[in-house]
Amino acid sequence: MDIAMTEQTMDLGGVVVATTLAFTEDSSAPAGLAVDYDKFGEHVDFLMSNGCRGVGPNGSLGEYSSLTDEERRKVIQVAVEAVDGRGIVIAGVHGVGSHQARKWAELAREDGADGVLLLPPTIYRANEGEVIAHYEEVAKAGLPIMAYNNPFDTKVDLVPSLVAKLAQIPEVVAIKEFSGDVRRVYEIKELCDIDIIAGADDVLFELMVNGAVGWFAGYPNAFPREAVELYTLCAEGKWHEAKALYEQLVAVFRWDSRTEFVQAIKLSMDICGNSYGGPTRPPRGPLSAEQRAQVTADTERALAALAARSAVVA
C-alpha cells in the first residue's frame, strides 16, 4: 500500500557506520557460517557508545547479498533494538528490481528504521529513466532515502545531473558519494538542495572541506571514537587539527575503497581488539598473505600514531 508522505527530513550530521556483520561457525548455516546476532548487537552498542550518529546495516559491508531473507530482516531488527533510540538506523534495501527494494524498505519501516540506503538496481545496468523509476517506486514505502552512488559495483554512475533529478523525489534527502571525485560536491550543490554524505573513507577530509555534511563510513567499525573526533573537527572547521588526525588514519582508510574492503575492515577490528570482526561469507574469501600483512601493518601504524598523539595530549 502506498503511504502518503509530507516532505521528508533526516538529520545526517555525524558518523553513520556501515556496520560489519559477525558470523560464527555452524555447519547447518549457509557456507557453514551463522549470523551471530548477539555479537552484532554488541557491536552496534559499542559504536553508539563511542558517539556515532547511527548505523547502516545491510550494506555491502554488512554482506547483505550473502544473507537469507530471514537473516536480512532480523539484522535490521537487532540494529534498531541495539541503537535503542540513541541515534538513527539507515537500512540497506538494495535490490535487483524496485519491487524487491521497495519490499525491503517497507519491512525496514515496519521494523523501526529511520531511513534507507538505496543503490540503483543491482546486477542490471539501468539507464537514467530506469534509475529514476527505481527510486520513485521505493519512495512509496514512506521512509527517507539516501541514494548511493557506487559506480564501481553497480556500473551506474549517479552523476550530478542525475542526482538533481532524484532530488526532486521528496523522499530522496541525501546522496552517499562514493565515486572518489571530490569535485562533484560543488556541482551537486549548484544543481539541487540535497545532503551530500561522504561515502569513501579515504576522501573524507576532502569531501568535508568541499561541503559534505555527514559521513557514511566503513572504518569507524574499527576506530569509532577517532572517527567521531575527526568528523567533529571537520564540522567545526578546525581544518589543521582535522588534517593532522586524518593523516594518521588515511593509509588504513584506503582499504575502504578496495575490493577486499570487508575482509580488511574486519581484520582491522580484530587487531584493534574493541569489537569482533571475524570471517566473511562467500563470495568473499580470506585475504592473501600479502594483503593480510599490509592491512595489519597499516592498522598497527595507525594505532601507534594514535597512541603517540594521546600521550602528547595527556
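**Entry 1: burial around α8**

I call a residue buried when its relative accessible area is under 20%, and partly exposed from there up to 50%. I am working from a predicted model, so I keep local features to residues with a pLDDT of at least 70.

I started with F205, whose relative accessibility is 11%, so F205 counts as buried. In the same look-up I checked N210, which sits in helix α8, residues 204-210. N210 comes out at 12% relative accessibility, and therefore I note N210 as buried too. Which residues does N210 contact, once neighbours within four places in sequence are left aside? I found V182, V185, Y186 and K189.

**Entry 2: aromatic pairs**

Next I went through the rings, and the count came to 7 aromatic pairs. I looked at Y148 and F178 in detail: their ring centres are 6.4 Å apart and their planes stand at 85°, so I logged the pair as edge-to-face. Where do the two rings come from? Y148 belongs to strand β7 (residues 145-149), while F178 is in the loop between β8 (172-177) and α7 (184-191), so this pair ties together parts that are 30 residues apart in sequence. I marked both Y148 and F178 as buried.

Then I returned to F205, which forms an edge-to-face pair with W239, at 5.9 Å centre to centre and 85° between the planes. F205 is in helix α8 and W239 in helix α10 (residues 239-253), so here the parts tied together are 34 residues apart in sequence. Is W239 buried or partly exposed? Its relative accessibility is 31%, so W239 goes down as partly exposed.

I also noted a cluster, in which ring pairs link W215, Y219, F223 and F253.

**Entry 3: charges over rings**

Y148 turned up again here, with the charged end of K176 over its ring, 4.1 Å from the centre. I found K39 placed likewise over the ring of Y276, with its charged end 5.1 Å from the ring centre.

**Entry 4: the nonpolar core**

In soluble globular proteins, nonpolar side chains tend to be buried together. I therefore looked up the largest nonpolar core, and it has 112 residues. Which members touch the most other members? They are Y135, L158, W215 and Y219; W215 and Y219 I already had from the ring cluster.

I listed the contacts of Y135, not counting residues up to four places away in sequence: L118, L119, P120, I145, A147, Y148, L158, L166, I169 and V172. Y148 is on that list as well.

**Entry 5: a buried glutamate**

E71 is part of helix α2, residues 69-83. Its relative accessible area is 9%, so I count E71 as buried. What does E71 touch beyond residues up to four places away in sequence? I wrote down P30, V35, Y37, S66 and R281. For V35 I also checked the C-alpha distance to E71, which is 7.3 Å, with their positions 36 residues apart in sequence.

**Entry 6: the largest pocket**

I finished with the largest pocket, which has a volume of about 800 Å³. Its lining takes in 37 residues, and the closest to its centre are S60, Y64, D153, F261 and R284. Which elements give two or more residues to this lining? I found α3 (98-110), α5 (151-154), β10 (214-217) and α11 (261-272). Of these, α5 gives the most, with 3 residues.

Terms used:
Residues numbered from 1 in each chain as written. Predicted model: local features only at pLDDT ≥ 70, side-chain atom pairs only at ≥ 80, totals over all residues. Heavy atoms only, no water. Helix = DSSP H or I, 4+ residues; strand = E, 2+ residues; numbered from the N terminus. Buried < 20%, exposed > 50% of the residue type's maximum accessible area, 1.4 Å probe, protein only. Contact = heavy atoms within 4.5 Å. Core = buried A, V, L, I, M, F, W, Y, C linked by side-chain atoms within 4.5 Å. Phe/Tyr/Trp six-rings, centres within 6.5 Å; stacked < 30°, edge-to-face > 60°. Lys NZ or Arg CZ within 6 Å of the ring centre and 35° of its normal. 1 Å grid on protein atoms, 1.4 Å probe; cavity = no way out; pocket = protein on both sides within 12 Å on 5 of 7 lines; lining within 4 Å. Points joined across faces, edges and corners; volume = space filled by probe spheres on them.
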